[in-house]
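Reader: I'd like to go through the labels on this one and hear what stands behind each of them. Can we take them one by one?

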Amino acid sequence: MDRTSPVPLYFQLSQQLEAAIENGALTPGSLLGNEIELAARLGLSRPTVRQAIQSLVDKGLLVRRRGVGTQVVHSQVKRPLELTSLYDDLEAAGQRPATLVLANRIEPASARVAAALGVPEGSDVRYVERLRCAHDEPMARLRNHLPAGLLDLDGETLQATGLYRLMRGAGITLHSARQTVGARSATPAEAELLGEQPGAPLLTMERTTFDDTGRAVEFGAHVYRASRYSFEFQLLVRS
């Protein structure tokens, strides 16, 4: 700690801890010890240590667990806005994806779903709802509608891999998508499902995906934990 710097000590500590988490010096699951021990070890006041820890808790890098202490959590998943599935992105990041299938059924298309998929309102579509986890921690609730008969989907297969991977395996060429990203507060039911507090911030994404013939093959409406997930944009400047 540089006590002569105008940068507050709590911020210096939080930056050092964050760097240690990002470079792997503090691995997921590591315990930091309690605030009294940290303050004594670092020669800092307990309020300074508490403020530094809280700033990293707010960022989703640390979590306070009753009976366990302050623990490093798995780093936030940063997903590029590309035509990829969450399953593939988590797997590529070494996050051990897992899936709990909440629904898999044929149902009549609502007006909104029918418009997205280009099918008559009330016609049969397949509805799939899943809870996607990483390292046994909930990450997102995924809701998808697909044209009926597009591909065979059973619960066991949906738990084993991602939807886009199944589509590609069935010979469907995913070509483009129309996507909207937003944010809102978690409902009580969503909070319970995702392990958050009611009213916690959630990221939202709606996407209609098209194959290489221009046919809509999937309409998704997903919510993600903002504490564990973010979208990345690459912006180009036009001259």
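Reader: Why is E196 called buried?

Author: This is a predicted model, and in it E196 has 18% relative accessibility. Buried means under 20%, so E196 makes the cut.

Reader: What makes E196 and R225 a salt bridge?

Author: The distance does. Their side chains come to 2.8 Å, N to O, and the limit is 4 Å between a side-chain nitrogen of Lys or Arg and a carboxyl oxygen of Asp or Glu. So the pair qualifies as a salt bridge. E196 sits in the loop between α8 (188-194) and β8 (201-211), while R225 belongs to strand β9, so the bridge ties together parts that are 29 residues apart in sequence.

Reader: Is R225 buried or exposed, and how do you know?

Author: Buried: R225 has 7% relative accessibility, and the cut-off is under 20%. Its strand, β9, covers residues 216-225.

Reader: What makes the R225 and E137 side chains a polar contact?

Author: They are 3.2 Å apart, and a polar contact asks for N or O atoms within 3.5 Å, one able to donate a hydrogen and the other to accept it. That puts R225 and E137 in a polar contact through their side chains.

Reader: Which residues is R225 in contact with, beyond its neighbours within four places in sequence?

Author: E137, P138, M139, L194, G195, E196 and L202. Both of the partners we just discussed, E137 and E196, are on that list.

Reader: How many salt bridges are there by this rule?

Author: The count comes to nine. One of them joins R46 and E35, with the closest N and O atoms 3.4 Å apart. R46 lies in helix α3 (residues 46-58) and E35 in helix α2 (residues 35-42), so this bridge ties together parts that are eleven residues apart in sequence.

Reader: Why does R46 count as partly exposed and E35 as buried?

Author: R46 has 40% relative accessibility, and partly exposed runs between the 20% and 50% cut-offs. E35 has 13%, which is under 20% and therefore buried.

Reader: What makes R50 and E35 a salt bridge?

Author: The closest N and O atoms of R50 and E35 are 3.3 Å apart, and the rule allows 4 Å. This pair links distant parts of the chain, R50 in helix α3 and E35 in helix α2, 15 residues apart. R50 is partly exposed, at 35% relative accessibility.

Reader: Why speak of a network for E35, R46 and R50?

Author: Salt bridges that share partners join the three into one network. E35 pairs with R46 and also with R50. As general background, side chains of opposite charge can pair when their charged atoms come close.

Reader: What about E37 in helix α2: why is E37 called partly exposed?

Author: E37 has 44% relative accessibility, and that falls between the 20% and 50% cut-offs. The C-alpha atoms of E37 and V49 are separated by 9.9 Å, with their positions twelve residues apart along the chain.

Reader: Which residues touch the most other members in the largest nonpolar core?

Author: L13, I21, L26, V49 and L62, out of 16 residues in that core. The elements giving it two or more residues are α1 (9-22), α2 and α3. Leaving aside neighbours within four places in sequence, L26 is in contact with L17, A20, I21, L32 and V72. There is also a second, separate core of 13 residues, including L150, L153, L166 and V217.

Reader: And the largest pocket: which residues lie nearest its centre?

Author: V63, R65, E137, G195 and R225, out of 23 lining residues. The space in the largest pocket is about 560 Å³. Elements that each supply at least two lining residues are α3, β1 (62-65), β2 (69-72) and β6 (137-147). The largest share, four residues, comes from β1.

Reader: How many helices and strands does the protein chain have?

Author: Eight helices and ten strands. Of the chain's 239 residues, 45% count as buried. Among contacts between residues at least 6 apart in sequence, 58% join residues at least 24 apart.

Technical notes: Residues numbered from 1 in each chain as written. Predicted model: local features only at pLDDT ≥ 70, side-chain atom pairs only at ≥ 80, totals over all residues. Heavy atoms only, no water. Buried < 20%, exposed > 50% of the residue type's maximum accessible area, 1.4 Å probe, protein only. Contact = heavy atoms within 4.5 Å. Core = buried A, V, L, I, M, F, W, Y, C linked by side-chain atoms within 4.5 Å. 1 Å grid on protein atoms, 1.4 Å probe; cavity = no way out; pocket = protein on both sides within 12 Å on 5 of 7 lines; lining within 4 Å. Points joined across faces, edges and corners; volume = space filled by probe spheres on them.
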